Amino acid sequence: MRDTRTKLGRPARLSRERIVSAALGSDLSTLTMRELATRLEVSHSALYRWVADRDELFDLISEVMVERILPTTAPTADNWRGWLADLAWAMHDQFLAVPGYAAHVARPHRHNPESFGRLRDCVIDAFLAAGATPAMAEQSWYVFGLSVVQWLGNQPAHHDLGPSEPRFDLFLDVLLRGLPAHTPAEHPHRRTRRTAGPPG
């Protein structure tokens with residue numbers, strides 16, 4: 001449990017909870033630490049005593065986000081697919097509710113090892129409940145996590161791929177039908193290239 005007591009030498013009105021709340025009410029794609037300090041009505045230096053930089057700010061935000069999206073029940077052999085669907089829809093609703101957050105998570109960067117590690121472990125548990133081996137459960141986490149995050153991260157980009165908007169429900173249905181992952185049959189093209197050897 002996080003210690004929310006006021007730290008020595010820091011303003012009583014400032015806390016990590018207030019900082020995260022103020023950040024979540026902003027457009028994270030453009031939010032600067034100086035703007036955040038203004039929203040909190042504290043000095044720039046006072047904010048830095050609590051949060052060193054934007055990376056640490058996003059770590060705090062991710063802790064809150066993961067807490068919001070994880071289902072309250074554990075996945076089982078009977079409900080693992082529905083459990084993952086609930087998780088994916090929670091990611092959809094929560095990530096897109098905060099401007100700039102989904103795009104940030106979709107970009108290559110160091111994710112919060114505590115919060116995203118917790119998310120990873122829970123998703124792997126779902127695939128283990130589905131009967132996947134530990135190795136395939138981990139690979140299934142990569143497929144699920146990357147697919148959902150990239151789909152959400154690309155929503156603000158408005159790619160002109162056709163006359164209608166991409167539907168998350170269809171995307172998710174197709175994704176979950178293909179999971180958990182299994183060792184695929186070797187593609188004939190790869191087999192042909194390997195047996196042919198390098199060009200002489």
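**Entry 1: Methionine 33**

I looked up the contacts of methionine 33, taking contact to mean heavy atoms within 4.5 Å. Not counting residues up to four places away in sequence, methionine 33 touches His44, Leu47, Tyr48, Val51, Asp53, Arg54 and Leu57. I note that the model is predicted, that local features need pLDDT of at least 70 and side-chain atom pairs pLDDT 80 or more, and that totals for chains, interfaces and linings use all residues. Residues are numbered from 1 along each chain as its sequence is written, and side-chain values use heavy atoms, with hydrogens and water left out.

I then placed methionine 33 in helix α2 (residues 33-40). Helices here are DSSP runs of H or I with at least four residues, strands are runs of E with at least two, and both are numbered from the N terminus. For accessibility I used relative accessible area with a 1.4 Å probe and protein chains only: buried is under 20%, exposed is over 50%, and partly exposed lies in between. Methionine 33 has a relative accessibility of 6% and therefore counts as buried. I also checked its separation from serine 45: the two are 12 residues apart in sequence, and their C-alpha atoms are 9.9 Å apart in space.

**Entry 2: Histidine 92 and helix α5**

I found histidine 92 in helix α5 (residues 80-97). Its relative accessible area is 18%, so histidine 92 is buried. Its side chain is joined to that of aspartate 93 by a polar contact of 3.0 Å. A polar contact is a pair of N or O atoms within 3.5 Å; within protein, one must be able to donate a hydrogen and the other to accept it, and residues adjacent in sequence count only if both atoms are side-chain atoms. Leaving aside residues up to four places away in sequence, I recorded Trp151, Leu152 and Phe168 as touching histidine 92.

I next examined α5 itself. This helix has 18 residues and reaches 26 Å from its first C-alpha to its last, close to the 26 Å expected at 1.5 Å a residue; the expected span is 1.5 Å times one less than the number of residues. Its buried residues include Trp80, Trp83, Leu87, Met91, His92 and Phe95. Among the elements covering these buried residues are α4, α6, α7, α8 and α9.

**Entry 3: Salt bridges**

I searched the whole structure and obtained seven salt bridges, each being a side-chain nitrogen of Lys or Arg within 4 Å of a carboxyl oxygen of Asp or Glu. Side chains of opposite charge can pair when their charged atoms come close.

One salt bridge joins arginine 110 to aspartate 59, at 2.8 Å from N to O. This pair links distant parts of the chain, 51 residues apart: arginine 110 lies in the loop between α6 (101-106) and α7 (115-129), and aspartate 59 in helix α4 (residues 54-69). Aspartate 59 is buried, at 17% relative accessible area.

Glutamate 138 forms a salt bridge with arginine 120, with 3.2 Å between the closest N and O atoms. Here glutamate 138 of helix α8 (residues 134-153) and arginine 120 of helix α7 are 18 residues apart. Both are partly exposed, glutamate 138 at 27% and arginine 120 at 28%.

I also recorded a 2.8 Å salt bridge, N to O, between the side chains of aspartate 173 and arginine 177. The two are separated by about one helical turn because they are four residues apart in helix α9 (residues 168-177). Aspartate 173 is partly exposed at 37%, whereas arginine 177 is exposed at 64%. Finally, I noted that salt bridges sharing partners join Arg120, Asp121 and Glu138 into one network.
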